[in-house]
Amino acid sequence: MDTPLSTIAVVGLGTMGTGIAEVLALAGREVIGIDISEAAARQAVTSLEASTARAVGRGRITEQERADALARFRTHDTLQAAAQAELVIEVVPETYEIKQQVFRELDAVVSPTAILATGTNALSVTRLAAESQHPERVLGLHFFNPAPAMKLVEVVSSVLTAPPAVEAVTKLARELGKEPVAVGDRPGFVADGLLFGYLNQAAAMYEANYASREDIDAAMKLGCGLPMGPLALLDLIGIDTARTVLEAMYSASHDRLHAPAPVLGQLSEAGLTGRKAGRGFYTYDAPGGQAVVPDARTTSAGAATGTGREIASVGVAGSGTMASGIAEVFAKAGYTVVLAARGQEKADLAKSRIAKSLERSVSKGRLTAEARDETLARITAAGSMDAFAEVDLAVEAVAEDLEIKQQLFATLDKVCRPGAVLATTTSSLPVIAIARATGRPEDVIGMHFFNPAPAMKLVEVVRTVLTADDVHATVRAVCTKIRKHPVDCGDRAGFIVNALLFPYLNNAIKMVEEHYASLDDIDAAMKLGGGYPMGPFELLDVVGLDVSLAIEKVLHKEFRDPGLAPAPLLEHLVAAGCLGRKTGRGFREYARR
């Protein structure tokens, strides 16, 4: 199998097959495109012509390079055309029957040294290889859509795959400008194995009417920096495709997190498969369209019932980074702010942190010196909660400990005037348990800011069963005034973001525990294949492993799902004091400052 892989056949000229063919042709390979549909073959040629024309227009390739690439791409309607190929990549429909038939027929066509690759993202490579007379030459080569743009390629070995075949396609992937990641044969591999569990939970969250589709998608984009919300991504992937992938994953793992949410089956059976059908979780302007159009399920922006209360002054309780960040946000928006801590020294220190933050904004040209001075002048540092006597809104940002928060709210209940709104920034504790520490639980609501508060646009607005309508309306209006994006969610563990994020992180840890893939490969897979700003282990070390473990425990306790039980490796690292960047060691080691 020591071959340059200069002639490559691509079987199946849909969107993915055409994209792979383009990558190969531009990289100087002779490409044999095969599809039983003449229309698909013609469309592939048209797509390649249009895509390469755009590349010329953007200065990425020359006109001569375009002409050469187009000349290297030839289409055929029979597998016999693959006879001279040194590598065949199949990207036919995602069923065993069709793919197995392709491999059986290829055995009679290609040379014994040719490598056969499946582009599956859900089916067993081993099971497909077993249909070949030469299973040692069969492997998985999973490109991501769109193939010309996405850098990740998962190289999947079965127990039967010969190492030289793996080496050959890995070398090819690098020559194509891709980042190959070596993985074993299990449904979903790395990227989809983590991604589809997360997408499935988002679908189940929507199905349970916990949050609107718009709020779920906005929460994950703004709270995690993802390029697309999970429900919009399901529509892009195809709801039927997602269901197929999840069925394959569940059959292998028997993990309830992989059992397809019933709504996926209902939409699939109704033909509402996403963008390609013109309707899925959202409705689009046309089949295959990208523009979302309003429908019966569209929520009106800022929807809230009741007339809000007047908010002119805000109290922020706490002296940490989150408290000072929240105080800065309110002061910038024109509110009078009281920043209270346990003792005047801590309060002054917190205010000085705000002054440094504002100074950085001035030095970067984001804020004028005048605006800096006006903002700082609106903040009063106080050493006691008694200073909250006249505030209209009190926001606590103290330690994530239920007893500490309950004690603080009991104090706020005594200090704050009647009608003041009391908000907790908890990210994982039950808001109702905090509200019940007061004699006015109807005035209590959750306002979950994200760190760093001045930069992050998202606020999860958490209503309890007792929260008054006008309190909810007030907080949504306040969020808009401080230029944050509010999303509504009920009072259950994790709210939206953490409930979807941390099971994904936990599953990444389990992959490492099972020696399925390395930290580096998993991080690379999610950044390059999923468009995530950080890999799961980078993020865990930034968040803090102790914080992550605490959230995992809360989720597991709330939902009682065995799949949510914290990974033992996470517990062991926390027990050893390896908490991430803050201690210099977590999943990785860091230089101590």
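## Strand 4 and its neighbours

Start at Val10, whose bridge partner in strand 4 is Ile89. That pairing belongs to a set of 4 bridges between strand 1 (residues 7-11) and strand 4, and these two strands run parallel. Keep in mind as you look around that this is a predicted model.

On to strand 5 (residues 115-118): 4 bridges tie strand 4 to it, again in parallel. Here Glu90 has Thr118 as its bridge partner. Between the two strands comes helix 4 (residues 96-107), and strand 4, helix 4 and strand 5 together make a right-handed β-α-β unit.

Which way do the residues of strand 4 (residues 87-90) point? Leu87 and Ile89 go one way, while Val88 and Glu90 go the other. All of them are buried, Glu90 included. As a rule, side chains in a regular strand alternate between the two faces of the sheet.

## An open sheet of 8 strands

Further along the chain, look for an open sheet of 8 strands with mixed pairing, in the order 13-12-11-14-15-16-17-18. Its edges are strand 13 (379-382) and strand 18 (485-490), each of which pairs on one side only. From one strand to the next, the twist averages 25°.

At the strand 18 end, strand 17 (residues 458-463) is joined to strand 18 by 6 bridges, and the two run parallel. Val461 stands opposite Asp488 of strand 18.

## Helices on the sheet

Helix 8 (residues 213-224) lies across strand 17 and strand 18, and runs at about 125° to strand 18. Helix 17 (residues 469-481) packs on the sheet too, with its direction at about 175° to that of strand 17. What does helix 17 touch? Its contacts are with strand 14 (393-396), strand 15 (421-424), strand 16 (444-449), strand 17 and strand 18.

## Helix 21, one face buried

Helix 21 (residues 545-559) has 15 residues and reaches 21 Å from its first C-alpha to its last, close to the 21 Å expected at 1.5 Å a residue. Its buried residues are Leu545, Ser548, Leu549, Ile551, Glu552 and Leu555. Seen down the axis of helix 21, these fall within an arc of 165°, so they line one face of the helix. An α-helix has 3.6 residues a turn, so residues three or four places apart point the same way.

What do the buried residues of helix 21 pack against? Their partners are helix 18 (497-513), helix 20 (536-543) and helix 22 (568-575). Right after helix 21 comes Arg560, with a positive phi near 55°.

Key:
Residues are numbered from 1 along each chain as its sequence is written. This is a predicted model: local features need pLDDT of at least 70, side-chain atom pairs count only at pLDDT 80 or more; totals for chains, interfaces and linings use all residues. Side-chain values use heavy atoms; hydrogens and water are left out. Two strands pair if DSSP finds at least two bridges between them. Axes are lines fitted to C-alpha atoms, for helices over the stretch in contact, and angles run from 0 to 180 degrees between N-to-C directions. Contact means heavy atoms within 4.5 Å. The expected span of a helix is 1.5 Å times one less than its number of residues. Buried means under 20% relative accessible area, exposed over 50%, partly exposed in between (1.4 Å probe, protein chains only). The arc is that of the directions from the helix axis to the C-beta atoms. A crossover is right-handed if, with the strands pointing away from the viewer, the path from the first strand over the helix to the second runs clockwise.
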